[in-house]
Amino acid sequence: MRKKISILWFLVPVTILYLGFFMYPVINSIFVSFFNWSGFSSNMVFEGIGNYRELFNDPLFQLTMKNTAIYMFFGGILTFILALIFVFIFNNGIRFKKFFRAVIFLPNIIALIALVTIWNFIYNPNFGLINGILRAIGLDILTRPWTAPNRAIWAVLVATVWIHAGFYTIILLSGAEKIPPYYYEASGLDGANRYQKFFKITMPLIWEELRIAVTLWLITSVKMFEFIYAFGSSGYPSEKIWTGTVYMYILSFGKRTVIYRLGYASALAVILLIIIMITTAVTSRIFRRQAIEY
Amino acid sequence: MARVDKIMKVLLSVSVVLALVLSLSLAGCKGTETTATTAAETTASATTAVEETAAAGETTAAEEIASEPVTIEFWSCRNIGEPMQVLDDQFISEYMAENPNVTINATYLGRDSMTKIRTALAGGGTIPDLVDHSFTEQVGALLKDEKLLLNLNDLMQTNAYDQDVPFKDTFNPGTIELWTEKLGGTYMIPYYMYTSLWWYDQALFDQIGITEVPTTWDAFLNVCQTIKDSGKAAPIAIDPGEGDYCSFYFYWLTTRLLGNGKLLAATMDETGASWDDPGFLNAAQKIRELIDKEYFIKDYQGYVWPAGQIDWATGKSAMLLMGSWIGVEIRDNLPETFKVAAFQFPTVDGKGNINNNELHETGFGILKDSPHPEVAFDFIKYCLTAAGERRICDLGAASPVIKGVTSANYQFITDILAKTEESHMPHDNMQAENPEFWTQVYVPNVMGLVNGELMPDEFITKMKEGTVSFWANK
C-alpha cells in the first residue's frame, strides 16, 4: 500500500500537465460554447443554448455533418477493405514484404500539401492523370470533371482512403504477425484454403487490433481537416467537402472573410466531441468479447 | 541495493514520460508566428518631430522623424517571396537609412494576417504598429465591431514625405474618400487600387476578327458566340471553386441591373422579400444562359484554382472575369505572343453605367494603441511618394492612387479607372458588412448557380429562404 502511494506521487506532475494542457482547454471550450464571443475581445454575452439552437438550424452545419458521416462510414469501409486486402496479401507470403509495406505506408510520411498537389493534378479535367489515361486508351466518354461540386466529396474520399489505408494496414498487420504459425499449419492439415484461414483464423485473432484501428479511424474521420482545407484553392475549399472541423475553423478564424465567432465554433466543437464519444463507445460495445491469449 | 535499483528505475521511467509530455506540450504551445522577420539595428541622433516639421513647412525627407530610437512593428499580409514583400523590404531598408533612429521590424504573415493580429491584440503580447491588407479585410477584422485602427484625419493634414503639400492632397480624388464616409473618418491609407474587368488576349481577338470590345451584354454574348464558332478557344475561363470568382458574375450583373447597394441590401433584408425583385432572377438567368450556350470552358466544374486562369493564360479560353491582381499572378507565365487587355463589365439590358467601376483598395492601417503612430505614418508617406507609388504599381496590374503616377504595366486599367463616374465595392461590400451571410448563405448558393447545379429560380428561392433562416437564427 505504501509503495502504491509513493508511486502515485510520481504521477502528480504528469497529471497536472495533462489537466492543464488537455482537460482545461476542453472544459473551457464547453464553457465558451454558451457565450456569444468573437474570441478576440472581452465582450462575452451569455447565450445559454442559443449557439446550439442556431447550429442545428444552420444548413452548413447540417451539410458538414452529412459530409463527416460520409467520410466516417464510406471512408472507413473502403479504408478497412483495402487494409484487410493488404493484410491478406502480406500474410500469405509476398516477396519483398518490407519494401511493399514501406510503399503503402509512404503517404503517411509525405507532407500533406504535397499530397494535395498530387491529387489536384490527378483530378485535373484537362491534363490530369485519370482523364489522360482514359483518353489514351480511347475511353474519352468516361472522362469527367472529377472535382465538380456533385462529386467533389467522393474525389476527396478516394484520396483520403489512399492516404490512410497504409497506416491501418500496419496496425492490423502488427496483430496478424503475432499469430502463431501452427494455427495456420493445423488448419492447412484440415484442408482449409487461404481464404478460410484468413476469415476463420486471422480475422478473429486480430479482433483487438481491429477494434483499436476502427476507434482511431472514427476519431480521425471526425477530426479530418488538413487535406480538405488545403484541397481546392487559395481561399478555402468548396463547402461541398467541408467536415465539421473545417467549418469550425472557418467560423473561428476565417481566412479571407473574417467571421470570428469562437463561441459558436466552440458549440460545434462540443458536438464533435459528443459524436466521437458516442461512436467510440458503440465501437467498444460492438467489438467487446472475451480476450484471446496465445 | 536491489531496492535502490528499483527506485532508480521508477524515477527514470517517470522522468522519461515527463520529458516526453513536456516536450509535446511545449511543441503544441508554439506561441508567436515564426514567419520571417527582417530588422536592422540603428544608431544616431536627433531631429524634428512631425508637427514641428509641418509647422515650419519643411519636408521630412531629409530630416529624421524620431528624436530617439524607435522600433516600429509592421505585420504584413504578404508572403515571403512575393514581389510586394520584396519591395516592402527595400522600402524599409531605404527608410531606415534615411532615418537611422527608426527600426522597422517587418513580419510577413500571409493573407490570414488579420486573424493573427486579432490574436495578438487579445493576447496582450507584442502588437503591431502598422498593418496592411485589402480594406475589406481590415474593415471586417479591425473596424467593424470596434475601431482598433487609428483615426488618421489629423496626420493626413501633415505634409507629404517629399513635398510641401498636405499628404491627403497627393491622392487621386476619391481614393481616400472611398471608405471615409462609411467609417466616419480616414482609418486606412491605400497604396494601390484593384478593379475587376474582363481580361482577354488582344492577339487572339485579332486572330478571330473581333475588332471592338463589347459594351453591352448582347454584344458580349455575340463576342462569346464568335469565339466559340472560331474553335480557337473557349469563350470564358473560370475557377468555379472560388466563391469570390463565382460571385463576380452575379454581383456585377445585379450592380448593372439594379444599381449599387441592392445586393447587400437584399442580404440584410430579414424578410427575404428583396429577392423578389425581378432583377435578381434576371441576373441569375443570364448566368444560366452562359452555361446553356457552353460559353464556359468544358468541364470547368472540376477546375481547381488556378486551373481556370492557367487555361486563360495559355490561350485555351479567351476571356476571364477577374480582379486586376491577375496581372501579377500570370505575369511570368504568359507566352510572348499574348497581348494582355481588358474591358469593363458591359451594361445589361440598357441598364447600368459602364463607368460605374469596382474600386478595391489595399493599403496600410495604424493600430490605435501604437506608441509611435507618427513614425509609422511617416513610413507610409515614404512609401507613397510618387516614386514609391510608381515602384508599387510597376510590380503588376495595380492602379496608382497617387496623383500624376502612371504605371509601366497595364496603363489601360488606370485609364479605365480615370473615367470612373460612379463606384462600388467588390461584391457590393458583402464580405466586410455581412461576412457570415457571405460564407453561410451567399457563397454556397452562388457557386451552385455558376456551377450549373442550381437553376435560376432555385437559386432565388434558396437565397430568399436562406436569408430568412439566417436572420431568424440570429
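Here's a short tour of the interface between chain A and chain B, with a stop at a helix of chain B, in a predicted model.

**Stop 1: the interface.** Start by selecting the residues of each chain that touch the other: you should pick up 46 residues in chain A and 45 in chain B. Putting the two chains together buries about 3900 Å², and carbon and sulfur atoms account for 59% of that. Now show Phe10(A), Phe40(A) and Arg256(A) as sticks; within chain A they lose the most area to chain B, together 16% of what that side buries.

**Stop 2: the polar links.** Select Lys474(B) and Glu54(A) next. Their side chains form a salt bridge, 2.9 Å from N to O. The count between the two chains is three salt bridges. If you go looking for polar contacts across this interface, there are eleven residue pairs (both at pLDDT 80 or more).

**Stop 3: chain A's side.** Color helix H1 (2-32), helix H2 (50-56) and helix H12 (244-252) of chain A: these are the elements giving two or more residues to the side that touches chain B. H1(A) gives the most, with six residues. By type, the residues on this side of chain A split into 22 nonpolar, 15 polar and nine charged.

**Stop 4: a covered helix.** Jump over to chain B and select residues 135-143, helix H5. How many of its nine residues are buried? Nine, so to speak the full set. Among them are Phe135(B), Glu137(B) and Leu143(B). To see what they pack against, add helices H4 (113-123), H7 (177-183) and H18 (430-433) of chain B, along with strands E4 (130-134), E5 (188-194) and E11 (360-366).

How values were computed
Residues numbered from 1 in each chain as written. Chains lettered and ligands numbered in written order. Predicted model: local features only at pLDDT ≥ 70, side-chain atom pairs only at ≥ 80, totals over all residues. Heavy atoms only, no water. Contact = heavy atoms within 4.5 Å. Buried area = accessible area lost by both parts, 1.4 Å probe. Salt bridge = Lys/Arg side-chain N within 4 Å of Asp/Glu carboxyl O. Polar contact = N/O pair within 3.5 Å; in protein donor to acceptor, adjacent residues only side chain to side chain. Helix = DSSP H or I, 4+ residues; strand = E, 2+ residues; numbered from the N terminus. Nonpolar A, V, L, I, M, F, W, Y, C, P; charged D, E, K, R; others polar. Buried < 20%, exposed > 50% of the residue type's maximum accessible area, 1.4 Å probe, protein only.
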